[in-house]
Amino acid sequence: MTRRITAPIALLLVGLLLIFDHATTPPNPYKAPPIFALGSGVEAVGGFCGAMPK
Amino acid sequence: MAEALAISAPSRLGQRGFLVLAGLAAIFAVALFAGARFGVLLAIGLGFGITLEGLRFGFAGPWRAMILRRDPSGILAQLLAIALVSIVAFPLLASHPGEIFGAQAPIGWAMVGGAFVFGAAMQVVLGCGSGTLVNAGSGNPVGLLALPFFALGSLAGSYSLVWWTDLGALPILTLTGNSGLIVTLGLLAAVAVLLLALAAPGTRRVPGRLVIAAVIVAALAIGNLVVAGQPWGVVYGLGLWAAKGAVALGVDLSGSAFWSAPGNAARLGESVLTDVTSLTNIGIIGGAFLVAAWRNGGLSQPLPKLPGKAWIATIIAGLALGYSSRLAFGCNVGAFFSGISTGSLHGWVWFAAGFAGSVLGVRLRPMLGLEARA
């Protein structure tokens, strides 16, 4: 067996995640933030591993 | 032979062209369906994956090289990348408060213990936060198996995070402004000098490949900060994937102080294509795959023959990676790389505790059967 089997499995898992996610919580491009946070004047509110829950 | 080469060359060219088109199509699709910012973040993630796998820039391997062979070249490249990011990040954080934030977290008992356990676990599977993503994307079966358990561990860690932090933590301590930048660069230089003093003869030169990789990784990390308003991270996205899966299976997360917090609860109801760390994580997996598929013989490597206990150890280490990185407020990326480069003192404590854990992990790895047999 070679990585020809395992590498596509990784992509398949990502694909399944995206399909499941799209079915349950589809994105709305009309609510998208400005392309750059810097200079946007909008507070950054993304999830980050260093942040305490708020 | 010559004929075979003549036939295979155009075919290889076509295959590589397809890989480039697939990557560009994915970026365009995300930009179209989720928004331009998110397409750019996927591109940044792909850049991380391509650089980490293509130029063999990592975290767990270089720490192992220092511990086992006193070869500091990989860690020196990491320090260079962190220094480059900090030179840009410190002024940006000072001039644009609110629009961008740093990887700032409190130092506490659980944070130190979490970093130690993470350091040990990442040496067991030889893959840190970004390394596990890269390994999975390039077809390394250990990384592929560890990844889902990393996500589950991250969910479990986030569920109990507040209980752990209540054991005792200092306020968030940060280095800021020009003086903070000078202290950070001085500390990075001091660590580099210490590593060079401890280095084995003939290992003091950083290969050009790693210097190039450090510059590219730094540029991508700065891009992440400018586009997303937050530093490069890994763990949050993995925990979010597991949390969304748990909710879909009917698990009630409202009892979790972490997942019932307004920001996190809102993110459970939004697409992962609008979550910063999810996008860069997906990009890293995809970028590593692109490089493995591009590289001659990249996907034809045989899978390692490992004993059963090695696979069990991989599952446990994956869970430990996820759980401990939540308590430590990040992995080698979110805490060590981004913490230090944006002035959080928890990044420095993470570095010390994670390295101590790595010393243990390097010894555990062969005992757990993870040194592949021929």
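The paragraphs below lead through a predicted model, beginning with the contact between chain A and chain B and then following several helices and loops of chain B.

The two chains meet through 44 residues of chain A and 73 residues of chain B, and between them they bury about 4500 Å², of which 70% lies on carbon and sulfur atoms. On the side of chain A, Arg3(A), Phe48(A) and Cys49(A) supply 18% of the area that this chain buries against chain B, which is more than any other three residues contribute. One residue of chain A that touches chain B is Lys54(A), found in the segment after α1 (3-24) of chain A. Apart from its neighbours within four places in sequence, Lys54(A) is in contact with Ala261(B), Pro262(B), Gly263(B) and Asn264(B). Lys54(A) nevertheless has a relative accessible area of 69% and therefore counts as exposed, since the cut-off for that class is over 50%. Its C-alpha atom is separated by 30 Å from that of Leu16(A), a residue 38 places away along the chain.

A contrasting case is Ala105(B), which lies in the loop between α4 and α5 of chain B and, at 0% relative accessibility, counts as buried. Leaving aside neighbours within four places in sequence, Ala105(B) is in contact with Gly50(A) from the other chain and, within chain B, with Ile172(B), Phe329(B), Ser344(B) and His346(B). Ala105(B) and Gln230(B) are 125 residues apart in sequence, and their C-alpha atoms are 13 Å apart in space.

His346(B) leads on to helix α16 of chain B, which covers residues 345-367. At 1.5 Å a residue, the 23 residues of this helix should span 33 Å, and because its end C-alpha atoms are 34 Å apart, the expected and modelled lengths agree. Its buried residues include His346(B), Trp348(B), Trp350(B) and Phe351(B), together with several glycines, among them Gly347(B), Gly354(B), Gly357(B) and Gly361(B). The buried residues of α16(B) pack against α3, α4, α5 (109-124), α9 (177-198) and α15 (332-341) of chain B. After the helix comes Gly369(B), whose phi is positive, near 80 degrees.

Two of these packing partners, α3(B) (residues 60-69) and α4(B) (residues 73-95), also pack against one another, at an angle of about 135 degrees and with their axes 7 Å apart. That angle makes α3(B) oblique to α4(B). Pro62(B), Trp63(B) and Met66(B) in α3(B) meet Gly74(B), Ile75(B) and Gln78(B) in α4(B), so that by class the contact has four nonpolar, two polar and no charged residues. The loops on either side of α3(B) each hold an arginine with an unusual backbone setting for a residue that is not a glycine: Arg56(B) has a positive phi of about 55 degrees and sits in the loop between α2 (36-54) and α3 of chain B. Arg70(B) likewise has a positive phi of about 55 degrees, and its place is in the loop between α3 and α4 of chain B. At 42% relative accessibility, Arg70(B) counts as partly exposed.

Another of the partners of α16(B) is α5(B), whose 16 residues should span 22 Å at 1.5 Å a residue, which agrees with the 23 Å between its end C-alpha atoms. Among the buried residues of α5(B) are Met111(B), Gly114(B), Phe118(B), Met122(B) and Val124(B). Just after this helix, Leu126(B) takes a positive phi of about 50 degrees.

Conventions. Residues are numbered from 1 along each chain as its sequence is written. Chains are lettered from A and ligands numbered from 1 in the order in which they are written. This is a predicted model: local features need pLDDT of at least 70, side-chain atom pairs count only at pLDDT 80 or more; totals for chains, interfaces and linings use all residues. Side-chain values use heavy atoms; hydrogens and water are left out. Axes are lines fitted to C-alpha atoms, for helices over the stretch in contact, and angles run from 0 to 180 degrees between N-to-C directions. Helices (H or I, at least four residues) and strands (E, at least two) are DSSP runs, numbered from the N terminus. Angles under 35 degrees count as roughly parallel, over 145 as roughly antiparallel, 65 to 115 as roughly perpendicular and the rest as oblique. Contact means heavy atoms within 4.5 Å. The expected span of a helix is 1.5 Å times one less than its number of residues. Buried means under 20% relative accessible area, exposed over 50%, partly exposed in between (1.4 Å probe, protein chains only). Buried area is the accessible area (1.4 Å probe) that two parts lose on being put together, summed over both.
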